[in-house]
Amino acid sequence: MNDGFLHRYFLNNAHKRQHKWVHYFDIYERHLERFRGTSPVMIEIGVMGGGSLEMWKEYLGAGSHIIGIDINPECKAHQADGIDIVIGSQDDPAIIDEIFSKYPRIDIVLDDGSHMMQHMISSFELLYHRIHSNGVYMVEDTHTCYWDEYGGGAGRKGSFVEYVKNKLDEINAVHSRGAIPVSEFTRSTDCIASYDSVVVFERRRQGSRQAPITEPM
Ligand SMILES: C[S@@+](CC[C@H](N)C(=O)[O-])C[C@H]1O[C@@H](n2cnc3c(N)ncnc32)[C@H](O)[C@@H]1O
């Protein structure tokens, strides 16, 4: 159950610098609650002051591992017990390979990195298919999809939100009478949840489809 842990933690922050939109906490808890106490492994793209890495560690509990990716070498200072920092750009396949060679099972990804369109898409394509089959992939601050300086713009080709709109078709591909190819994304995705400034992908194998009719005896 959502117990408001993350929002309380943020308000009582006695540790490192953090910057979050308040309405994100409820979204995080809705999608991450099931991982608490299960020793999950999480990647957060974008470390900055390191505060959110500590928050995830406390929230997810003992045995969890948090891996922060940041382009700024100073972020290495936030490495700690259960918190690993990898320096490099989020769209560099070599650092993603390095992470998977050390942590073969990744349960959760949160992209809070550059928020540039091409980076958001590249990270998704590098990571999504490699995370656990019941994992979660979240992208935040997707309001940049509407901002020119991030490569966005309303309806602009190449924006992450336009990319997600195509994924909505892909999740329904089996019903498209061949118009949309059934992909590994189709087979492995249960849900796309789109909120104000956050998109969440829940992985789960799509099951056999049944549509029985029941009637009163
Ligand atoms: C919004 S801040 C992260 C905030 C942090 N997650 C928090 O909640 O406190 C964004 C971070 O992304 C990093 N960044 C920018 N471009 C990047 C890239 N191409 N690859 C990885 N990190 C990047 C910046 O150095 C910055 O620390």
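Strands β2 and β3 run parallel and are joined by 5 bridges. One residue pair shows where they meet: Ile 66 has Ile 83, in β3, as its bridge partner. Helix α4 packs on the sheet here, touching β1, β2 and β3, and its direction makes about 155° with that of β3. The model behind this picture is a predicted one.

Stepping back, these strands belong to an open sheet of 7 strands with mixed pairing. Reading across the sheet, the order is β3-β2-β1-β4-β5-β7-β6. The edges are held by β3 (83–87) and β6 (189–195); each has a single partner strand, so one side of each is left without a neighbour in the sheet. From one strand to the next, the twist averages 15°. On the helix side of things, α2 (residues 24–32) lies across β4, β5, β6 and β7 (198–203), and it runs at about 0° to β7.

What about the protein as a whole? There are 7 helices and 7 strands. Starting at the N terminus, the elements come in the order α-α-β-α-β-β-α-β-α-β-α-α-β-β. The C-alpha atoms fill a box of roughly 60 × 45 × 35 Å along the principal axes. A compact globule of 217 residues would have a radius of gyration near 17 Å, and the protein's 18 Å agrees with that. Of the 217 residues, 36% are buried. Among contacts with a separation of 6 or more, 58% are between residues 24 or more positions apart.

Helix α5 (residues 117–127) gives a good look at the buried part of the protein. Its buried residues are Met 117, His 119, Met 120, Ser 123, Phe 124 and Leu 127. The spacing along a helix is worth keeping in mind here. An α-helix has 3.6 residues a turn, so residues three or four places apart point the same way. As for what they pack against, the buried residues of α5 meet β1, α4 (93–102), β4 (108–111), β5 (136–140) and α6 (160–171).

That leaves the ligand. How many residues surround the ligand, and which are the closest? The shell holds 21 residues, and the closest are Gly 46, Met 48, Ser 52, Gln 90 and Ser 114. The elements giving two or more residues to this shell are β1 (41–45), α3 (51–60) and β2 (65–70). Sorted by character, the shell residues come out as 12 polar, 5 nonpolar and 4 charged. Two of the strands named here, β1 and β2, are also touched by α4 where that helix packs on the sheet.

Note on methods:
Residues are numbered from 1 along each chain as its sequence is written. This is a predicted model: local features need pLDDT of at least 70, side-chain atom pairs count only at pLDDT 80 or more; totals for chains, interfaces and linings use all residues. A residue is near a molecule or strand if its C-beta atom, placed from the backbone, lies within 6 Å of it. Helices (H or I, at least four residues) and strands (E, at least two) are DSSP runs, numbered from the N terminus. Ala, Val, Leu, Ile, Met, Phe, Trp, Tyr, Cys and Pro count as nonpolar, Asp, Glu, Lys and Arg as charged, and the others, Gly among them, as polar. The radius of gyration is taken over C-alpha atoms; the globule rule is 2.2 Å times the number of residues to the power 0.38. A residue is buried if 20 or more other C-beta atoms lie within 10 Å of its own, exposed if 12 or fewer, and partly exposed in between; C-beta atoms are placed from the backbone. Two residues are in contact if their C-beta atoms, placed from the backbone, lie within 7 Å. Two strands pair if DSSP finds at least two bridges between them. Axes are lines fitted to C-alpha atoms, for helices over the stretch in contact, and angles run from 0 to 180 degrees between N-to-C directions.
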